[in-house]
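Reader: I would like to go through this structure step by step. Where should we start?

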Amino acid sequence: MVGIRALQKIWMDGRLVDWTDAKVHILTHGLHYGYAVFEGIRSHDTARGPAIFRLPEHLDRFFNSAKVYRMTLPYSAAQVGEACVDLVRANGVPTVYLRPIAFSGYGEMGLDPTKSPIQVAVAAWEWGAYLGQEGVERGVRATVSSWVRMDSRSLPPQAKCAANYANSGLAKMEAVAAGYDEAILLNSQGMVAEGPGENIFRVKKEVVSTPPASSGILRGVTRDTVIRFLSDEGLVFQRTDFTREELFTADELFYTGTAAGITPIREVDGRRIGDGAFPITRRLQQRYEDAIHGRRPAYGSWLTYVG
Ligand code: PPE
């Protein structure tokens with residue numbers, strides 16, 4: 001079963017190749033040891049054609065992730081950004097998810113990746129709501145994972161490395177096997193960290209909070225977007241740790257992410273969150289939809305038009 005519908009092109013090592021030709025050797029180093037860093041970016045349709053949301057911020061994180069892993073990319077951020085723009089244009093589909101990835105390629109085996117060449121690619125495909133359209137509308141059911149989020153002493157969560165997603169995958173599979181939509185991971189101090197592929201926000205008595213970067217999370221671009229929205233909405237916001245029980249007693253909870261957008265969490269481990277109305281989450285969702293589709297001039301600088 002293949003869920004992904006092929007588009008025409010993929011950018012690979014400096015050029016656009018046909019979708020079916022974007023292949024690697026089975027001894028690709030990064031495939032064996034998880035030595036790959038990646039990004040997830042979205043482009044959306046706007047009145048002025050397709051626009052990529054917060055491309056420079058994603059590129060910045062991409063190159064920071066590479067730096068943590070001593071990876072020197074054979075392309076500049078500007079070149080990878082151009083690859084994203086060229087790819088959206090070449091495929092002719094305005095609403096896509098973009099996946100830049102850099103990884104240790106075919107060269108040597110063994111744990112030192114610096115002996116293998118670094119390959120870079122950008123793929124794009126159509127990806128609907130990460131937790132389903134119904135999840136965006138009605139909210140999802142989450143469970144606190146028995147798996148602990150890895151921390152910066154083991155796998156630095158702020159670097160978006162493929163290896164981190166083994167931890168995410170364990171949590172995700174556990175949640176789905178238990179009949180939930182998604183997991184919430186605690187950090188090694190027992191405080192709430194994030195979802196397997198999303199940041200998390202809590203609303204209590206009109207105060208909105210999210211765990212700080214020091215809680216061991218990926219510093220999400222959507223998280224940053226929401227923080228800006230909160231300031232523009234005049235809402236009280238704090239970066240603060242919170243506990244598992246503070247999830248249960250929240251008035252509203254929601255996930256944020258490029259793939260997930262802003263997705264309400266309506267239940268955590270059998271406890272209904274708030275009264276189910278989620279007024280602040282709904283306002284933020286609306287603002288986000290407007291921003292990504294170019295309907296809010298105040299956020300116009302976040303859009304890179306494909307032309
Ligand atoms: N935490 C994690 C662990 C994470 O993977 C993501 C993105 C976020 C937070 C939110 O970051 P941002 O997208 O910059 O707001 N997860 C990506 C999906 C991973 C997947 O392929 O599955 C994404 O949303 O693109």
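Reader: How far does the backbone nitrogen of Lys9 lie from a polar atom of the side chain of Asn91?

Author: This is a predicted model, so the distance is computed from predicted positions. Asn91 belongs to helix H3, which covers residues 77-91. A polar atom of its side chain and the backbone nitrogen of Lys9 are separated by 2.7 Å.

Reader: Which other residue has a backbone nitrogen that lies 3.0 Å from a polar atom of the side chain of Asn91?

Author: Polar contacts are counted up to a cut-off of 3.5 Å. A distance of 3.0 Å from the Asn91 side chain falls within that cut-off. The backbone nitrogen in question is that of Gln8.

Reader: Is Asn91 buried or exposed?

Author: A residue counts as buried when its relative accessible area is under 20%. Asn91 has a relative accessible area of 8%. Because 8% is under that limit, Asn91 is classed as buried.

Reader: How far apart in space are Ala51 and Val306, C-alpha to C-alpha?

Author: Ala51 sits in strand S5, residues 49-53. With a relative accessibility of 0%, Ala51 is buried. In sequence, Ala51 and Val306 are 255 residues apart. In space, their C-alpha atoms are separated by 5.7 Å.

Reader: How many residues surround the ligand, by class?

Author: The shell has 24 residues, and the closest are Tyr97, Tyr130, Tyr165, Thr222 and Thr258. Domain 1 (5-126) and domain 2 (133-292) each give at least three residues to this shell. Sorted by class, the shell holds 8 nonpolar, 10 polar and 6 charged residues.

Reader: Which helices and strands each supply at least two residues of the shell around the ligand?

Author: Two helices and two strands meet this condition. The strands are S6 (96-104) and S14 (252-257). The helices are H2 (55-68) and H6 (221-232).

Reader: Which residue has a polar side-chain atom 2.6 Å from an oxygen atom of the ligand?

Author: Two other polar contacts of the ligand can be set aside by their atoms and distances. In one, a ligand nitrogen is 2.7 Å from an N or O atom in the Glu194 side chain. In another, a ligand oxygen is 2.7 Å from a polar backbone atom of Val221. The side-chain atom at 2.6 Å from a ligand oxygen belongs to Thr222.

Reader: How much of the ligand's accessible area does the protein cover?

Author: On its own, the ligand has 550 Å² of accessible area. The share of this area covered by the protein is 95%.

Reader: What is the angle between the planes of Tyr97 and Trp127?

Author: The whole structure has 14 aromatic pairs. In the pair of Tyr97 and Trp127, the ring centres are 4.7 Å apart. The pair is edge-to-face, a class for planes over 60 degrees apart. The angle here is 75°.

Reader: How many residues apart are Tyr97 and Trp127?

Author: Tyr97 is in strand S6, whereas Trp127 is in the loop between strand S7 (118-125) and helix H4 (133-138). Tyr97 is buried at 4% relative accessible area, while Trp127 is partly exposed at 34%. The pair links distant parts of the chain, and its separation is 30 residues.

Reader: With which residue does Trp127 form an aromatic pair at 5.5 Å centre to centre?

Author: The pair is edge-to-face, with 80° between the planes. The partner is partly exposed, with a relative accessible area of 32%. That partner is Tyr130.

Definitions and conventions. Residues are numbered from 1 along each chain as its sequence is written. This is a predicted model: local features need pLDDT of at least 70, side-chain atom pairs count only at pLDDT 80 or more; totals for chains, interfaces and linings use all residues. Side-chain values use heavy atoms; hydrogens and water are left out. A residue is near a molecule or strand if one of its heavy atoms lies within 4 Å of it. A polar contact is a pair of N or O atoms within 3.5 Å; within protein, one must be able to donate a hydrogen and the other to accept it, and residues adjacent in sequence count only if both atoms are side-chain atoms. Accessible areas come from the Shrake-Rupley method with a 1.4 Å probe; for residues, only the protein chains shown count as cover. Helices (H or I, at least four residues) and strands (E, at least two) are DSSP runs, numbered from the N terminus. Ala, Val, Leu, Ile, Met, Phe, Trp, Tyr, Cys and Pro count as nonpolar, Asp, Glu, Lys and Arg as charged, and the others, Gly among them, as polar. Domain bounds come from an automatic or database domain assignment. Rings of Phe, Tyr and Trp (its six-membered ring) pair if their centres lie within 6.5 Å; planes under 30 degrees apart count as stacked, over 60 as edge-to-face and the rest as tilted. Buried means under 20% relative accessible area, exposed over 50%, partly exposed in between (1.4 Å probe, protein chains only).
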